[in-house]
Amino acid sequence: MRFLLRFCLLFVFSTAAALAQAPGGQLPFELKLIGPNIWAAIDDAKGDAGANAGFVVGDDGVAVIDTFENEAAANALLAQIQSFTHLPVKFVVNTHYHVDHVAGNRVFAQKGAVIVGHHSVRAWIHTENLKFFGDNITPGQKAMVANLLAPEVTYDTGVTLFLGSRRIEVTYMQGHTGGDSVVSIPDAGVIFCGDLFWHKTLPNLIDATTSDWLTTLAQFTDQPRDYTTNSGLPRAQIFVPGHGDVGNMNDVQDFQDYLTWLRGAVQKAQAAGKQGDALVATVMPGLKQKFGAWAFFDDFSRPNILDMGAELSGTKRVPSPEKK
Ligand SMILES: [Zn+2]
């Protein structure tokens, strides 16, 4: 499929680009201060980091959320963290198993960080990631997937991490792969959503169950619009997506609308007997009209329609829940 090809090309390109980067040169991401001692690392326009990441500095250490698609980008993030603080990276949280969020785990583990993730991240990281490279996967790509460092601490429903007095809540939520987590910093009204939120970007639905996903998104958007921090300062909720720029609740609502619209359109076309190419041809014009300006439209629009069709007809293959 085309988006898999794109994924592979991006991977090769971004690794080469990041490796070629001179010390002190352009970063593969943009760092944004989004709360007190909380930074989002937003992938650059070329996709050099492959996905977003972020970090939180507490009293006695740092927690990193996701580690990009390549070790060069992870090394660049580590260097940025070390330029802000001498505190060690204590924890890395993987929001899900997809390779564009976990490829730099080893960079932080080598500095003593503990990699934390839902038990399915550990179960799927070395198996399910192979599919992104297609049938012509190279020995080098196979070795890269085999060499990914799996979480060393796992959980079922969530875990609370402490950086001194700073509390970080990691919460399992369903929809994107069946093994995703969000990372929230309650004292700042910040939520790192991983790939449960895509900001003005078509999502990858390859492992998705959108019925569960919409339930998850409703939990985000049902929250009060004003958030009061522990210090008493009002602060709007800040949502860091897995792909796209930092967003607010309205942006999450837009993404919710995308999944809802796509479900409705595919359902209607299926009721009229459309399948395969005919399903795509029926849904595509409306999709393009409403969401044609979003990122990854050319890559993901067709597979999104087909993935939604498979889910709604009960034929979707998703990663199977693993025993621990
Ligand atoms: Zn991703």
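How many bridges pair strand 8 with strand 9, and in which sense do the two strands pair? The tour reaches these strands at its second stop. The model on the screen is predicted.

**Overview**

Display the whole chain as a cartoon. It contains ten helices and 14 strands. Of its 324 residues, 45% count as buried. Among contacts between residues at least 6 apart in sequence, 67% join residues at least 24 apart.

**Stop 1: the sheet of seven strands**

Select strands 1 to 7. These seven strands form an open sheet in the order 1-2-3-4-5-6-7, with mixed pairing. Strand 1 (29-35) and strand 7 (153-155) are the edges; each has a single partner strand, so one side of each has no neighbour in the sheet. From one strand to the next, the twist averages 20 degrees.

Next, select residues 89-94 and 114-118, which are strand 5 and strand 6. These two strands run parallel and are joined by four bridges. To inspect one pair, label Asn 94, whose bridge partner in strand 6 is Gly 117.

Now add helix 2, residues 71-84. This helix packs on the sheet and touches strand 1, strand 2 (38-43), strand 3 (53-57), strand 4 (62-65) and strand 5. The direction of helix 2 makes about 25 degrees with that of strand 3.

**Stop 2: the sheet of five strands**

Select strands 8, 9, 10, 11 and 14. They form an open sheet in the order 8-9-10-11-14, again with mixed pairing. Strand 8 (158-163) and strand 14 are the edge strands, and each pairs on one side only. Neighbouring strands of this sheet are turned by 20 degrees against each other on average, direction ignored.

The opening question can now be answered: strand 8 and strand 9 (residues 166-173) pair over six bridges in the antiparallel sense. Label Leu 163 and find Arg 166 of strand 9 opposite Leu 163.

**Stop 3: helix 7**

Select residues 210-221. How far apart are the end C-alpha atoms of helix 7? The distance is 16 Å, which agrees with the span of 16 Å that twelve residues should have at 1.5 Å a residue.

Show the side chains of Thr 210, Trp 213, Leu 217 and Phe 220, which are buried. These residues lie on the same side of helix 7, because they cover an arc of only 55 degrees around the axis. Ala 218 and Gln 219, on the other side of the helix, are exposed. To see what the buried residues pack against, add strand 14 (238-240), helix 8 (249-271) and helix 10 (297-312).

**Stop 4: helix 10**

Keep helix 10 selected. Its 16 residues reach 21 Å from the first C-alpha to the last, close to the 22 Å expected at 1.5 Å a residue. Its buried residues include Phe 300, Asn 304, Ile 305 and Met 308. Just after the helix, Gly 314 takes a positive phi of about 80 degrees.

**Stop 5: three residues in loops**

Most residues other than glycine have a negative phi. Two residues with a positive value may be visited here.

Select Asn 37, in the loop between strand 1 and strand 2. Its phi is near 55 degrees. Is Asn 37 buried, exposed or partly exposed? Asn 37 has 17 other C-beta atoms within 10 Å, and is therefore partly exposed, since a residue counts as buried at 20 or more and as exposed at 12 or fewer.

Move to Phe 68, in the loop between strand 4 and helix 2. Its phi is near 70 degrees. Phe 68 counts as buried because it has 31 C-beta neighbours inside 10 Å.

The third residue is His 98, in the loop between strand 5 and helix 3 (99-102). With 30 other C-beta atoms within 10 Å, His 98 is buried. Add His 126, which is 28 residues away along the chain. The C-alpha atoms of the two histidines are separated by 9.9 Å.

**Stop 6: the nonpolar core**

Which residues touch the most other members of the largest nonpolar core? Select Ala 63, Val 64 and Val 92, which do so in a core of 81 residues. Helix 8 supplies the largest share of this core, eight residues.

Finish by centring the view on Ala 63. Not counting residues up to four places away in sequence, the residues that Ala 63 touches include Phe 55, Val 56, Phe 91 and Val 93. Among the others are Leu 161, Leu 163 and Ile 168.

How values were computed:
Residues numbered from 1 in each chain as written. Expected span 1.5 Å × (residues − 1). Arc of directions from axis to C-beta. Contact = placed C-beta atoms within 7 Å. Pairing = 2+ DSSP bridges. Axes fitted to C-alpha atoms, helices over the stretch in contact; angles between N-to-C directions. Core = buried A, V, L, I, M, F, W, Y, C linked by C-beta atoms within 7 Å.
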